[in-house]
2 protein chains.
Amino acid sequence: MKKSIGPKTIVFPAPAFVVATYGKDGKANAMTAAWAGICCSSPPCIAVSLRKATATYSNMVTQKAFTINIPSENLVKVVDYFGIATGKEVDKFEVTGVTPVKSELVNAPYIMEFPFVLECRVIRIIEIGLHTQFIGEIMDIKADDSIIGDECTLEIEKVKPVMYAPEVRKYFGMGRFLGKVFHIGRDLI
Amino acid sequence: MKKSIGPKTIVFPAPAFVVATYGKDGKANAMTAAWAGICCSSPPCIAVSLRKATATYSNMVTQKAFTINIPSENLVKVVDYFGIATGKEVDKFEVTGVTPVKSELVNAPYIMEFPFVLECRVIRIIEIGLHTQFIGEIMDIKADDSIIGDECTLEIEKVKPVMYAPEVRKYFGMGRFLGKVFHIGRDLI
């Protein structure tokens, strides 16, 4: 018998991605977003939801471009800071010391120190409520050589990604290998 | 210097959620979905993207309701099976032995053995490309007593969730605690 806990926004895992954009003045900004995920395989797209109050929201509407920067464990303090501070008041890159690099594909910066980044152009803006969802077509992924495996896949064991737990507000690392997709379920057939 | 690996749908972590629905005939079906995530805090909403070819797609369009079932590690084989088999050909509940329970809030089943479930009504359907995105308003969360903590939060350490790694197609468990959100980033200020 399950208990009702009310209509909360809890899923596990949630991501901890950093969205990077340019302001009207060409200044790079970045913020952490957990309300995000891949939303289409072809064209390859990712959705990220933002509150209108954020500097990133305005930048996305103006520039129609953003990058999603996927952190490793060692960047978790930077990720958290990007979620605390506002680009309207401080230069978050200056404070954290990480490096914005201008994408050659879209008018947005990506962050050099993050192991891989998705370069996206905004193709849809969907008003939902407190959050507005931006759907971005993934134009390319740029990755550090050290995490690229055979056939241009990315080795998650080397990335050591960060997962976010909503409501309890904690970050966790990646755990043990549980099995291969489209494989371990065959035991049940 | 980062390398281009092309426009792929890779993010870490991606989730491994199970979407459960009823068919026109009232038969419960379930499938695994990784292209999903929370997309709004108020109203609380979750987005999940499906290919039109799936039985779940047709069920969502018809019933305008679904549940998101969050797995624990011990359910990973069931999760994988739900991603392999098609509800058009087999009764996935019969094969896996897990139990569909009719939601009292929406016209969809949830799965008893999963530690917590989100009961959702479809409020938007967005055509993107190969995938169609369904936005569901979260009407309630039902959770096992054993994972409910203080103030009706859910204890991720007891859930032991599953993360999915796209492209390399592997499942992983949750890892070590890295820090508190809106807290560890203050070290940088």
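**View 1. A bridge between A:Ile141 and B:Gly6 joins the chains.** In this predicted model, A:Ile141 finds its bridge partner in strand β1 of chain B, and that partner is B:Gly6. Strand β11 of chain A (residues 131–143) and strand β1 of chain B (residues 3–6) run antiparallel as a pair, with three bridges between them.

**View 2. B:Lys8 sits in a loop and touches residues of both chains.** Follow chain B on from strand β1 and you come to B:Lys8, in the loop between β1 and β2 (14–15). Leaving out residues up to four places away in sequence, B:Lys8 touches A:Pro44 and A:Ile141 from chain A, together with B:Glu167 from chain B. Is this lysine buried or exposed? B:Lys8 counts as buried because 20 other C-beta atoms lie within 10 Å, and 20 or more is what the buried class asks for. If you would like a distance to check, try B:Met139: it is 131 residues from B:Lys8 along the chain, and their C-alpha atoms are separated by 33 Å.

**View 3. A:Ile46 and B:Ile46 lie in the largest nonpolar core.** This core holds 137 residues, and A:Ile46 and B:Ile46 are the ones that touch the most other members. Strand β11 of chain A gives the core its largest share, six residues. Zoom in on A:Ile46 and, not counting residues up to four places away in sequence, you will find it touching A:Ala36, A:Gly37, A:Ile38, A:Cys39, A:Ile68, A:Leu118, A:Cys120, A:Gly136, A:Ile138 and, from chain B, B:Val11.

**View 4. Chains A and B meet with 87 residues on each side.** The contact draws 87 residues from chain A and 87 residues from chain B. On the chain B side, strand β13 (residues 170–180) supplies the largest share, with eleven residues. Sorted by class, that side of chain B is made up of 52 nonpolar, 18 polar and 17 charged residues. The copies meet through the same surface, because 100% of the interface residues of chain B are also interface residues in chain A.

**View 5. B:Gly175 marks the approach of chain B to the axis.** A turn of 180 degrees, with a shift of 0.0 Å along the axis, lays chain B on chain A with an RMSD of 0.0 Å. The two copies are therefore related as by a two-fold rotation axis. Which C-alpha of chain B is nearest the axis? Look for B:Gly175, whose C-alpha is 1.8 Å from the axis.

Methods
Residues are numbered from 1 along each chain as its sequence is written. Chains are lettered from A and ligands numbered from 1 in the order in which they are written. This is a predicted model: local features need pLDDT of at least 70, side-chain atom pairs count only at pLDDT 80 or more; totals for chains, interfaces and linings use all residues. Two residues are in contact if their C-beta atoms, placed from the backbone, lie within 7 Å. Helices (H or I, at least four residues) and strands (E, at least two) are DSSP runs, numbered from the N terminus. Ala, Val, Leu, Ile, Met, Phe, Trp, Tyr, Cys and Pro count as nonpolar, Asp, Glu, Lys and Arg as charged, and the others, Gly among them, as polar. Two strands pair if DSSP finds at least two bridges between them. A nonpolar core is a set of buried Ala, Val, Leu, Ile, Met, Phe, Trp, Tyr and Cys residues joined through C-beta atoms within 7 Å. A residue is buried if 20 or more other C-beta atoms lie within 10 Å of its own, exposed if 12 or fewer, and partly exposed in between; C-beta atoms are placed from the backbone. Copies are superposed by least squares on the C-alpha atoms of residues with pLDDT of at least 70 in both.
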